[in-house]
Amino acid sequence: MHHHLATVELRAFVPARDFEVSKDFYQALGFTLAWSDEQLAYFHHGTARFLLQNFYDATLANNFMMHLVVEDVAAWHAHIEQSGLAGRFNVKVTPVEQQPWGMCDFVIYDPSGVLWRIGQETD
């Protein structure tokens, strides 16, 4: 690979129907809110980073997916269960399942309907 074409990071712009609620949700999920203005909020957790945008389109949000690969999917699922996140934000969380593509994962929806697949590699 050409050194001058080296990449540093890829950040998605995640939509938010209610910007303040979504900011609360992602902090409760375990992300650090590094900075925010009226239109954008920058979140990180370890090497995972994304920008939450104060923008909502139902079709976009309902088809937007994020894939978070973690070291211990059971610990993440337990953290979400114990935090009462689903009830507090009225969002759906699925059980952990082994997938045929070599991941053990679960799904959590954010308050805007964005689907997060959180999993660990099992191959």
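**Note on the predicted model: T94, the open sheet, the largest pocket and helix α1**

1. T94 is found in the loop that runs between α4 (85-89) and β6 (97-98), and the reader should keep in mind from the start that this is a predicted model. T94 counts as buried because its relative accessible area is 18%, and the cut-off for buried is under 20%.

2. The surroundings of T94 can be described through its partners. Leaving aside residues up to four places away in sequence, T94 touches H77, F106 and V107. With V107 there is also a polar approach, since the side chain of T94 reaches the backbone nitrogen of that residue at 2.8 Å.

3. The strand that follows this loop, β6, belongs to an open sheet of four strands, whose order is β5-β8-β7-β6 and whose pairing is mixed. The edges of this sheet are formed by β5 and β6, each of which pairs on one side only.

4. Which strand pairs with β6, and in what sense? The partner is β7 (residues 103-109), and the two strands run antiparallel, joined over two bridges. Within this part of the model, Q98 stands opposite C104 in β7.

5. The largest pocket holds about 320 Å³ of space. Its lining is made up of 18 residues, and those that lie nearest its centre are T47, A48, R49, H67 and L68. Two elements, β4 (48-53) and β5 (65-69), give two or more residues each to this lining.

6. Which element gives the largest share of the lining of the largest pocket? That element is β5, with four residues, and β5 is also one of the edge strands of the sheet described above. Sorted by class, the lining comprises 11 nonpolar, four polar and three charged residues.

7. Helix α1 covers residues 19-29, and its buried residues are F19, S22, K23, F25, Y26, A28 and L29. A reader following the chain may wish to note that K23 is listed among these buried positions.

8. Both ends of α1 have a local feature that can be checked in the structure. At the N-terminal end, D18 acts as a cap, with a side-chain oxygen placed 3.2 Å from the backbone nitrogen of E20. Just after the helix, G30 adopts a positive phi of about 130°.

Note on methods. Residues are numbered from 1 along each chain as its sequence is written. This is a predicted model: local features need pLDDT of at least 70, side-chain atom pairs count only at pLDDT 80 or more; totals for chains, interfaces and linings use all residues. Side-chain values use heavy atoms; hydrogens and water are left out. Buried means under 20% relative accessible area, exposed over 50%, partly exposed in between (1.4 Å probe, protein chains only). A polar contact is a pair of N or O atoms within 3.5 Å; within protein, one must be able to donate a hydrogen and the other to accept it, and residues adjacent in sequence count only if both atoms are side-chain atoms. Contact means heavy atoms within 4.5 Å. On a 1 Å grid over the protein atoms alone, a cavity is a set of points where a 1.4 Å probe fits but cannot get out, and a pocket is an open set with protein on both sides within 12 Å along at least five of seven lines; lining residues have an atom within 4 Å of a point. Grid points are joined across faces, edges and corners, and a volume is the space filled by probe spheres set on the points. Ala, Val, Leu, Ile, Met, Phe, Trp, Tyr, Cys and Pro count as nonpolar, Asp, Glu, Lys and Arg as charged, and the others, Gly among them, as polar. Two strands pair if DSSP finds at least two bridges between them.
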